[in-house]
Amino acid sequence: MSAPVFLAESQDLSHYVAGQFFELDGEEGRHAGVVQRRQVGEALDVVDGAGHRLRCVISSVNQSHLVLEIRESVQEAHDPYEFVLVQALAKGDRDELAIEAATEVGVDGVVPWQADRSIVIWRGARAAKSLARWAATVRSATKQARRARIPFVEQPQDSKRLAQWTREVVQQGGVVIVLHEEATTAVGKIELSCATFERCCCACCFDCGPRRRND
């Protein structure tokens with residue numbers, strides 16, 4: 001079983017090497033030491049959200065921080081494809097459940113889509129709060145899945161901007177896949193023609209719950 005993951009997003013982990021010690025403090029350190037009650041000798045990983053991972057063993061535990069002995073320092077390579085989920089805003093927590101599951105299976109980014117007929121509308125303070133909640137969901141799912149990279153969360157896009165974005169992806173050699181309940185081709189049967197990491201495969205989720213009726 002892989003070791004639990006803790007985030008150290010504000011720190012540069014690239015210069016750490018095996019044999020050194022790392023202090024896990026702040027919210028993550030308190031959570032590990034006080035809430036989870038991690039013990040000396042237990043293994044855990046520290047990641048920076050950008051692909052660097054420190055494989056560690058707990059050397060000492062305090063209420064505010066843990067001191068970790070680094071056993072291995074790893075820079076994880078990018079996958080050959082970048083997968084981005086375009087998720088329409090939905091009532092309740094359906095959209096958050098979707099991006100949580102997508103993060104756990106490996107997407108590299110999430111784009112909120114304000115569909116024309118969506119009941120949910122992000123505006124002003126609500127938009128900022130909702131976007132922050134999406135980012136927190138993705139961050140939590142990253143730890144749950146024990147990933148070293150945190151998927152990016154874009155600013156919300158309306159249908160016009162999304163259409164332009166998908167055109168740009170295709171023009172750059174990427175692939176856009178539309179997920180629809182009436183589709184006859186399974187996602188697993190779609191051939192990806194992308195050749196480099198810079199080219200994206202984008203999964204667009206269109207069927208996301210109740211919509212407003214047309215006036």
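Modeller: How many bridges join β4 to β5, and in which sense do the strands run?

Biologist: First the general idea: strands are DSSP runs of E with at least two residues, helices are runs of H or I with at least four, and both are numbered from the N terminus. Two strands pair if DSSP finds at least two bridges between them. Here β4 and β5 run antiparallel and are joined by nine bridges. One of the partnerships is H52 with Q75 in β5. The two strands form a hairpin with four residues between them.

Modeller: What should I know about the model before reading on?

Biologist: It is a predicted model, in which local features need pLDDT of at least 70 and side-chain atom pairs count only at pLDDT 80 or more, while totals for chains, interfaces and linings use all residues. Residues are numbered from 1 along each chain as its sequence is written, and side-chain values use heavy atoms, with hydrogens and water left out.

Modeller: How do β3 and β4 pair?

Biologist: They are antiparallel, with five bridges. Their hairpin also has four residues between the strands, and G49 there takes a positive phi near 80°.

Modeller: Is D45 buried or exposed?

Biologist: Buried means under 20% relative accessible area, exposed over 50%, and partly exposed in between, using a 1.4 Å probe and protein chains only. D45, in strand β3, has a relative accessible area of 5%, so this residue counts as buried. It stands opposite R55 in β4.

Modeller: Which side chain makes a polar contact with the side chain of D45?

Biologist: A polar contact is a pair of N or O atoms within 3.5 Å; within protein, one must be able to donate a hydrogen and the other to accept it, and residues adjacent in sequence count only if both atoms are side-chain atoms. For D45 the partner is the side chain of R53, at 3.0 Å.

Modeller: And which residues touch the most other members of the largest nonpolar core?

Biologist: Nonpolar side chains tend to be buried together in soluble globular proteins. A nonpolar core is a set of buried Ala, Val, Leu, Ile, Met, Phe, Trp, Tyr and Cys residues joined through side-chain atoms within 4.5 Å. The largest one here has 15 residues, and F22, V46, L54 and L68 touch the most other members. Two or more residues come from each of β2 (21–24), β3 (43–47), β4 (52–61) and β5 (66–75). A second, separate core has twelve residues, including L85 and W134.
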